[in-house]
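Work through the exercises below with the structure at hand. Each task is followed by a solution in steps.

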Amino acid sequence: MIENQKFEKLDFTSTPIKVDEYDNCIFQSCHFENQDLINFTFVDCEFIDCNLSLIKTNNTAFKTVKFINCKLLGVDFSECNTFLLNMSFESCFMNLTSFYQLKFKQKTFKNCSLNETDFTESDLSESVFEDCDLKRAIFDRSILIKTDFKTAFNFSIDPSNNRVKGAQFSKTNLSGLLSKYQLKIS
């Protein structure tokens, strides 16, 4: 177990990170692109200004992990270890990621780009999408009960194909609920 350490400006693409449990660690300005993080465990960790694009997450445990200003392009979080899975994202570039079938209740996405992200059959109940760009994000048979989309934009959610009871929207973004009808709203 590796505890209470700060990893700064490291390039794990040339020197791979050791498979272990990382507890209360900070990774700042580190590069993980295309790295295999299979069977890693991160507990109470922060990733700040890191590039984690296309990491492999099979059985990776993220337990109370914060991603701040990170690039997470094409990450498949649906392959993570779901036991105590708890992540939050702030100012992250997360296009083409997948949360397919994840139970991801009460999570926070703040100021993130989530273009073409797959939320198919995921449970996002009581989650918050604050100032998030959800262009072409996929919500298909998703559970969005009491989910906050008030400041989200560019989304398209079909209420007849998703559970949206109590979900919150603003008057300015309601067109995202009607996009399947190809209406012209002004």
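**Exercise 1.** Decide how Asn34 should be classed by its accessibility in this predicted model.

Solution. Start with the value: Asn34 has a relative accessibility of 45%. Next, recall the cut-offs: buried is under 20%, exposed is over 50%, and partly exposed is in between. Asn34 therefore counts as partly exposed.

**Exercise 2.** Locate Asn34 in the chain and list its contacts beyond four places in sequence.

Solution. First, find the element: Asn34 sits in a loop, with β4 (26-28) on one side and β5 (41-43) on the other. Then set aside the neighbours within four places in sequence; the residues in contact with Asn34 are Ser53, Leu54, Ile55 and Lys56. Finally, take a residue 95 positions away in sequence: the C-alpha atoms of Asn34 and Phe129 are 27 Å apart.

**Exercise 3.** Describe the elements of the protein and judge its compactness from the radius of gyration.

Solution. Count the elements: there are 10 strands and 0 helices. The radius of gyration is 17 Å, close to the 16 Å that the globule rule gives for 186 residues, so the protein is as compact as a globular protein of that length. The C-alpha trace spans about 55 × 30 × 20 Å along the principal axes.

**Exercise 4.** What share of the residues is buried, and how are the charged side chains arranged?

Solution. Of the 186 residues, 46% count as buried. For the charges, take the 21 positive and the 25 negative side chains as two sets; their centres lie 8 Å apart.

Notes: Residues are numbered from 1 along each chain as its sequence is written. This is a predicted model: local features need pLDDT of at least 70, side-chain atom pairs count only at pLDDT 80 or more; totals for chains, interfaces and linings use all residues. Side-chain values use heavy atoms; hydrogens and water are left out. Helices (H or I, at least four residues) and strands (E, at least two) are DSSP runs, numbered from the N terminus. The radius of gyration is taken over C-alpha atoms; the globule rule is 2.2 Å times the number of residues to the power 0.38. Buried means under 20% relative accessible area, exposed over 50%, partly exposed in between (1.4 Å probe, protein chains only). Lys and Arg count as positive and Asp and Glu as negative; His and the chain ends are not counted. The place of a charge is taken as NZ of Lys, CZ of Arg, CG of Asp or CD of Glu. Contact means heavy atoms within 4.5 Å.
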